[in-house]
Amino acid sequence: MVETLTVQDAVELAVVERGGFVESRHVGAAVVLSPEGEVVAAHGNASALVLPRSSLKPLQAIACLTAGAPLEGEQLGLATASHAGTDRHVEVVRSMLVEGGLTENDLGCPADWPSDSATRDELVRDHGEPTRIRMNCSGKHAAMLRACVATGWPTDGYLAPDHPLQLHIRDVVERLSGEKISATVVDGCGAPVHALTLMGLARAVHRIGTASERSPFALHRVAGTLVRTVRERPWTIDGPGRPDTLAIEKLGVFVKGGAEGVMVMVAPNGATVALKTLDGSLRARTIVAATLLLRAGALEQGAVDELAAALPLAVLGGGVEVGSIRPAAGI
């Protein structure tokens with residue numbers, strides 16, 4: 001059986017402290033690359049395979065663009081997003097579909113409620129229902145469909161692993177990561193997701209995060225445009241007050257979280273971190289990634305402190321803060 005890192009491969013990445021008592025520990029693995037792409041820190045087994053989940057979306061979006069999807073601005077940000085399903089997000093995804101002669105019924109992702117609580121509450125009050133376009137991966141799926149329309153590939157069956165689009169995405173993933181895909185499974189949204197080593201994921205995201213829009217290579221030009229677009233429009237990739245958006249706003253990074261505790265983050269100077277918490281928890285990954293870049297000299301302490309204050313890291317007792325979720329001292 002193909003599998004991710006084991007408990008023996010993992011190290012402590014974060015602790016949960018309540019009133020001076022360490023109540024829980026999050027273990028996993030992480031790797032940090034310098035602006036030049038060299039390994040400057042490795043915690044746990046960075047050669048272990050992981051499923052990047054939504055941290056693969058930047059690579060999938062780049063593949064859609066190189067396949068001809070005519071996306072830019074907010075639409076490009078949504079192509080890379082795990083969006084909160086707000087009306088603003090949905091408006092952009094709908095425009096992606098309409099401009100390609102598509103409808104919400106063409107989306108292959110499942111129907112879902114928005115993850116933004118205010119939007120969800122409003123829909124419930126209005127007797128609404130879960131819809132495909134509110135699902136957090138609908139932007140990625142719209143981008144895939146637009147690539148199919150642009151290239152003349154069939155939109156029916158666009159999620160099948162042997163569909164021309166998915167074969168193209170696989171090729172782009174291998175080119176950027178420098179690895180051959182060892183396993184492909186079905187992601188939560190129904191799209192194929194490819195296993196990479198944590199090192200391979202870091203390498204791919206580093207190449208994206210340091211790409212130049214003036215590169216002679218189309219793949220790098222597209223990557224440079226994607227990164228700039230997301231940094232200029234942080235609301236697109238997640239949502240107001242949500243972790244990925246906050247990290248971009250506070251730190252100026254390029255960041256993409258994935259399910260099951262995966263996170264990739266690129267500092268403005270190109271230093272890159274990729275990590276996975278072994279238990280799949282999401283709550284510590286953003287501050288752990290920022291702390292790793294801080295300790296690599298790529299971020300300022302004040303900015304990381306500001307991000308920490310904005311993230312939901314407080315541990316409460318009786319409605320009062322009595323502790324916190326914090327990075328482990330060992331990293």
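In the predicted model, the charged end of Arg88 is placed over the ring of Trp235, at 3.7 Å from the ring centre. Aromatic pairs, by contrast, are absent: a search of the whole structure returns zero.

Salt bridges were examined next. The whole structure contains 13 of them. One of these joins the side chains of Lys180 and Glu174, with an N to O distance of 3.6 Å. The two partners lie on opposite sides of the accessibility classes. Lys180 is exposed, because its relative accessibility of 69% is over the 50% cut-off. Glu174, at a relative accessible area of 15%, is buried, since this value is under 20%.

A second salt bridge connects Arg242 with Asp238, the N to O distance being 2.7 Å. Here Asp238 is buried, with 7% relative accessible area, whereas Arg242 retains 25% and is therefore classed as partly exposed.

Glu306 and Lys250 form a further salt bridge, in which the closest N and O atoms are 3.3 Å apart. This pair links distant parts of the chain, as Glu306 belongs to helix α11 (residues 301–310) and Lys250 to helix α9 (residues 243–251), with the two positions 56 residues apart in numbering. Both partners are partly exposed: the relative accessible area is 44% for Glu306 and 28% for Lys250. Salt bridges also occur as a network, in which Glu213, Arg228, Glu232 and Arg233 are linked.

Helix α9, which carries Lys250, was then considered in terms of burial and packing. Its buried residues are Asp244, Thr245, Leu246, Ala247, Ile248 and Leu251. In an α-helix there are 3.6 residues a turn, so residues three or four places apart point the same way. Among the buried positions of α9 are Asp244, Ala247, Ile248 and Leu251. The buried residues of α9 pack against helices α8 (218–232), α10 (285–295) and α11, and also against strands β8 (254–258) and β9 (262–266). Helix α11 is thus met by α9 in two ways, through the packing of buried α9 residues and through the salt bridge between Glu306 and Lys250. Just after α9, the backbone at Gly252 adopts a positive phi of about 75°.

Methods
Residues numbered from 1 in each chain as written. Predicted model: local features only at pLDDT ≥ 70, side-chain atom pairs only at ≥ 80, totals over all residues. Heavy atoms only, no water. Phe/Tyr/Trp six-rings, centres within 6.5 Å; stacked < 30°, edge-to-face > 60°. Lys NZ or Arg CZ within 6 Å of the ring centre and 35° of its normal. Salt bridge = Lys/Arg side-chain N within 4 Å of Asp/Glu carboxyl O. Buried < 20%, exposed > 50% of the residue type's maximum accessible area, 1.4 Å probe, protein only. Helix = DSSP H or I, 4+ residues; strand = E, 2+ residues; numbered from the N terminus. Contact = heavy atoms within 4.5 Å.
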